[in-house]
Amino acid sequence: MDGMSASNDPTAWKPASLRNKLFIGGEWVDGIGGGTIDVINPHDGSVITAIAEATSADVDRAVEAAQKAFPAWSSMAAMDRGRLLLKLADRIEEEQAELGRLEALNTGHPFRDTQILDVPRTAVTYRYFGGMADKFEGSVIPVEAGFLNYLAREPVGVVGQIVPWNFPLMFTSWKMAPALAAGNCIVIKPSEITPLSTLRIAELMQEVGIPDGVVNVVPGYGHTAGARISEHPNIAKVAFTGSTATGRTVVKASAGNLKKLQLELGGKGANIVFEDATIPAAVGGSAFAIWHNQGQACIAGSRLMLHESIADAFMEKFIGLTESIRLGNPLDPATEMGPLTSKMHQQRVLDYCEVAREEGGDIVTGGAAPNDPALAAGCYVRPTIVRAKPADRVCQEEVFGPFVSVMTFKDDAEALEIANGTEYGLGSGLWTADLKRAHKLAGALHAGMVWINSYKRVNPGSPFGGVGQSGYGREMGFEAMREYTHPKSVWVNVDAQIPPYYPR
């Protein structure tokens, strides 16, 4: 896919070829309706390509293809399924630079991050679940004498997966790797905004020998393709990552056949810095927590909570670091922050800057698009720091951008009250030298994940997910394998005297 120009200018890179059709039953096909969707480069507003639009009818034929492939795939030796996932992981690593560039081009996420974070994380996830495929065990349950009771895990069948636009490459692995390892077949809908890396992964899957129909890719709009996946009577499970509002819609649509659901929804992460924290480490970690991927992360540390005794010293360093961040073309290896992924989302973040002003918040830095004419056509927003109050909208609602709300607290009790003072419960972090305090607060925080003296660490072995309005179910680890299987209890009479319940 290497399309580097003769000048070797990294910002001039273009893929030599792109898959821009639907992938159904092992074939690259147009949508039944004939529609297309322009895929936009968020750096300059240019059209990268036009992809085929999947509608409800295309979802139907994808489900049919997955149903046809399911008997053979689910009965394949788990070791052989795993071997294919391991081969896929190898191919992703071989394509590391090109996948990194493709993701940067489509999402705006800087290439320096996609190459060292997104692509390796994607490969290691397929490798982890490739290795787990033949190691996910059932159990034997102790019951009364004379009976053997064992628990087997079976794949749920055809699963629908709806992936968001912020980390499309990585999220394909989080969704597809455990589902495939467990023996399921897939109909996956990447966001219509960022479908390119998912289509490339499908191409690599075909290369390594994953059978036709096991994975089907249907890029389309949420109200058509996404809605049909959510309601389809022959889809046994839906895994959805996105907004809480859309998650509620998925729940309602799933009621027809009582689908199994896995929902990873919104967040408003509290990142708490105590008076005994190591300030340089906390500043750097807090910057990564919110500025990585332009703040477009459900687990972003978007509420920065500082103990009042160290707030001024922390802010001096944090502001300095923030104002030094290099904005620019995401394909440039020197770029530290790229554009937001769409014009619509850029406007959403700028609207929240106005909300902050209306609420009396103090915009310390940022709060607008950059002045650089070279970035004017793109979806850029300067990293924004706002001093706000815990009840303000900008501290309660998910902005999902390079926007952090800063608050202070006087003691542990107030910190906990502020941290737990939203409807969300996805990720939280805290910085302290007191491990007794750290463990106590980790247990008390209303969150599915807590980081101590770090933030946004993920690993394919560690469950990822939230509580409250942040959803339910878990990505990654053994928990994900449970999400993609049903337990079956089997009773065997090995030497029992059957009680005479029905005497003759």
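Two residues are in contact here when heavy atoms of one lie within 4.5 Å of the other's. Keep that in mind as we poke around this predicted model. We'll start with one residue, T172, then move on to a helix, a sheet, two more residues and the cysteines.

**T172 and its neighbours**
- T172 sits in helix α5, which covers residues 168-181.
- Leaving out residues up to four places away in sequence, T172 touches Y126, A177, I188, T198 and I201.
- Is T172 buried or exposed? With a relative accessibility of 0%, T172 counts as buried.
- The T172 side chain also has a polar partner: the backbone oxygen of L169, at 2.5 Å.

**Helix α14, a helix with two faces**
- Helix α14 spans residues 435-444, and its buried residues are R437, A438 and L441.
- Look down the axis of α14 and those buried residues fall within an arc of 100°, so they line one face of the helix.
- Here's the general idea behind that: an α-helix has 3.6 residues a turn, so residues three or four places apart point the same way.
- Now flip to the face of α14 turned away from the buried side, and you'll find the exposed residues L435, K436, H439, K440 and G443.
- What do the buried residues of α14 pack against? Their partners are α13 (412-419), β18 (427-431) and β19 (449-452).
- The N-terminal end of α14 has a cap, D434, with a side-chain oxygen 3.1 Å from the backbone nitrogen of K436.

**A sheet of 3 strands**
- This open sheet runs in the order β5-β6-β22, and its pairing is antiparallel.
- Strands β5 (139-141) and β22 (485-493) stand at the edges with a single partner strand each, so one side of each has no neighbour in the sheet.
- On average, neighbouring strands in this sheet are turned by 30° against each other, if you ignore direction.
- In general, strands of a sheet pair through backbone hydrogen bonds, either parallel or antiparallel.
- How many bridges link β6 and β22? Strand β6 (residues 147-155) pairs with β22 over 9 bridges, in the antiparallel sense.
- To spot this pairing on screen, find L151, which stands opposite S489 in β22.

**Two more buried residues**
- A287 belongs to helix α9 (residues 279-291), and its relative accessible area of 6% makes it buried.
- Not counting residues up to four places away in sequence, A287 touches H292, F318 and L321.
- A287 and L304 are 17 residues apart in sequence, and their C-alpha atoms are 9.9 Å apart in space.
- E483 is part of helix α15 (residues 477-483), and at 13% relative accessibility E483 counts as buried too.
- A polar atom of the E483 side chain lies 3.0 Å from the backbone nitrogen of R474.
- R474 is also among the residues that E483 touches, along with K237, K260, L261, Q262 and G473, again not counting residues up to four places away in sequence.

**Cysteines without a bond**
- How many disulfides turn up in the whole structure? The search finds 0.
- Why does C298 have no bond to C395? C395 holds the closest cysteine sulfur, but that sulfur is 19 Å from the one in C298, which is too far for a bond.
- For C379, the closest cysteine sulfur is in C353, 15 Å away, and that's too far as well. To qualify as a disulfide, the two sulfur atoms must be within 2.5 Å.
- C298 counts as buried at 9% relative accessibility, and C379 counts as buried at 5%.

Technical notes: Residues numbered from 1 in each chain as written. Predicted model: local features only at pLDDT ≥ 70, side-chain atom pairs only at ≥ 80, totals over all residues. Heavy atoms only, no water. Pairing = 2+ DSSP bridges. Helix = DSSP H or I, 4+ residues; strand = E, 2+ residues; numbered from the N terminus. Axes fitted to C-alpha atoms, helices over the stretch in contact; angles between N-to-C directions. Buried < 20%, exposed > 50% of the residue type's maximum accessible area, 1.4 Å probe, protein only. Arc of directions from axis to C-beta. Polar contact = N/O pair within 3.5 Å; in protein donor to acceptor, adjacent residues only side chain to side chain.
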